[in-house]
Amino acid sequence: MKAIGLAAIVMAIVGTLSDIAAQAIITNRGAGLASAYTAVRVSFAWIMGMFTFLFLGPMTLIGTSAGAGDVEGAGIFARMAIFSAVVAGLLGAGIIPQVDEGILGLFGQTEVTEKGATMFAIMAYAFPLGVLIDALVGISIGLMYVHIVVLQVIAAAVVALAVGLPLFVGTALELTAFGISAVAAECVTVAGLSAYLLTPDRRRRYGFLKMFSGITAEKFKAFGAGFGVLAVR
């Protein structure tokens, strides 16, 4: 539990520092642009908050199974989590871009809606990556691979800044630069976590590539019940 708490602290600190660095640069281009950046980030934090069950679900179910010595069950729940994330991600990518004006309009500033539209659209269409990361992080922590999650969070922050700041400063892309950098960081995170989980030993041990094998009605019921409670919460 201490390791999980440490991971949460590191993730919060790295995320905050990354946002502060970006805000410091953006503010030099005007308060309107800074407000639009903040609005988009807050909007997606809220949207992703509604899908935290994709993180908590795998972590709880997989952790319980692995702790009880049910390695096969842990692998089955992991695969079910990925399937759920893919479905939720595709649905979100189809819906969220259509309601961009409604969400950004909640901030009551026309400038925010105009300047933040492109960044919002990029992140909306990349929504499947975000929920897939939630599932992968939940799986990794459930299997107690906390260290890889911490390393990937740091790597993602570095990539986001390394891509976003030069594009923002050296081009006329404005907030589009940070939309691109956010997607780049998500790609790095998905690739890093997937590569770690799919090493030959872990792949064989947990049966990560067995697709629908072993997903019985009993497993599906346990999975649905666990996710249902978390989704409601």
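A residue counts as partly exposed when its relative accessible area falls between the buried class, under 20%, and the exposed class, over 50%. With that cut-off in hand, the tour can start at glutamate 174, which at 33% relative accessibility counts as partly exposed. Please bear in mind throughout that the structure on screen is a predicted model.

**Stop one: loop residues with positive phi**

Select glutamate 174 and display its backbone; the residue is found in the loop between α8 (146-170) and α9 (176-197), and its phi is near 55°, a positive value in a residue other than glycine. Then move the selection to methionine 211, which sits in the loop between α10 (200-206) and α11 (217-232) and has a positive phi of about 55° although it is not a glycine. Because its relative accessibility is 47%, methionine 211 counts as partly exposed. A further residue to select for its backbone is methionine 144, which comes just after α7 and takes a positive phi of about 65°.

**Stop two: helix α7 and its crossing with α9**

From methionine 144, step back into α7 itself and select residues 127-142, a helix of 16 residues that reaches 23 Å from its first C-alpha to its last, close to the 22 Å expected at 1.5 Å a residue. Is this helix mostly covered or mostly open? Colouring by accessibility should show it mostly covered, with 14 of its 16 residues buried.

Now add α9 to the selection and turn the view until both helices can be followed along their length. Their axes come within 10 Å and cross at roughly 35°, and the crossing of α7 and α9 is left-handed. On the α7 side the contact is made by Leu129, Gly130, Leu132, Ile133, Leu136, Val137, Ile139 and Ser140, while α9 contributes Val183, Glu186, Cys187, Thr189, Val190, Leu193, Ser194 and Leu197. Sorted by class, the contact of α7 with α9 holds 11 nonpolar, four polar and one charged residues.

**Stop three: along α9**

Keep α9 on screen and select threonine 176, whose place is in this helix. Threonine 176 counts as buried, because its relative accessibility is 16%. Leaving aside neighbours within four places in sequence, threonine 176 is in contact with Thr118 and Ile122.

Next select serine 181, which also lies in helix α9. With 3% relative accessibility, serine 181 counts as buried. Which residues does serine 181 contact, once its neighbours within four places in sequence are left aside? Show Ala160, Val163 and Gly164, with which serine 181 is in contact.

**Stop four: aromatic pairs and helix α2**

Switch to the rings: a search of the whole structure finds six aromatic pairs. One of them joins tyrosine 37 and phenylalanine 178 in an edge-to-face arrangement, 5.5 Å centre to centre with 65° between the planes. Tyrosine 37 lies in helix α2 (residues 31-49) and phenylalanine 178 in helix α9, so this pair ties together parts that are 141 residues apart in sequence. Tyrosine 37 and phenylalanine 178 are both buried. The pair tied together here can be viewed alongside a second one, formed by phenylalanine 44 and phenylalanine 120, whose ring centres lie 4.9 Å apart with their planes at 50°, so that the pair is tilted. Since phenylalanine 44 lies in helix α2 and phenylalanine 120 in helix α6 (residues 110-125), the pair ties together parts that are 76 residues apart in sequence. Phenylalanine 44 is buried, as is phenylalanine 120. Finally, add Phe168 to Tyr37 and Phe178, for ring pairs link these residues into a cluster.

With these rings still displayed, select the whole of α2, which has 19 residues and reaches 26 Å from its first C-alpha to its last, close to the 27 Å expected at 1.5 Å a residue. Its buried residues include Gly32, Leu33, Ala34, Ala36, Tyr37, Ala39, Val40, Ser43, Phe44, Ile47 and Met48.

**Last stop: glutamate 114 and glycine 32**

End in helix α6, where glutamate 114 lies. Glutamate 114 is exposed, with a relative accessible area of 58%. Draw a distance from glutamate 114 to glycine 32: the two residues are 82 apart in sequence and 10.0 Å apart in space, C-alpha to C-alpha.

Technical notes. Residues numbered from 1 in each chain as written. Predicted model: local features only at pLDDT ≥ 70, side-chain atom pairs only at ≥ 80, totals over all residues. Heavy atoms only, no water. Helix = DSSP H or I, 4+ residues; strand = E, 2+ residues; numbered from the N terminus. Expected span 1.5 Å × (residues − 1). Buried < 20%, exposed > 50% of the residue type's maximum accessible area, 1.4 Å probe, protein only. Contact = heavy atoms within 4.5 Å. Axes fitted to C-alpha atoms, helices over the stretch in contact; angles between N-to-C directions. Left-handed = near helix turned anticlockwise from the far one by under 90°. Nonpolar A, V, L, I, M, F, W, Y, C, P; charged D, E, K, R; others polar. Phe/Tyr/Trp six-rings, centres within 6.5 Å; stacked < 30°, edge-to-face > 60°.
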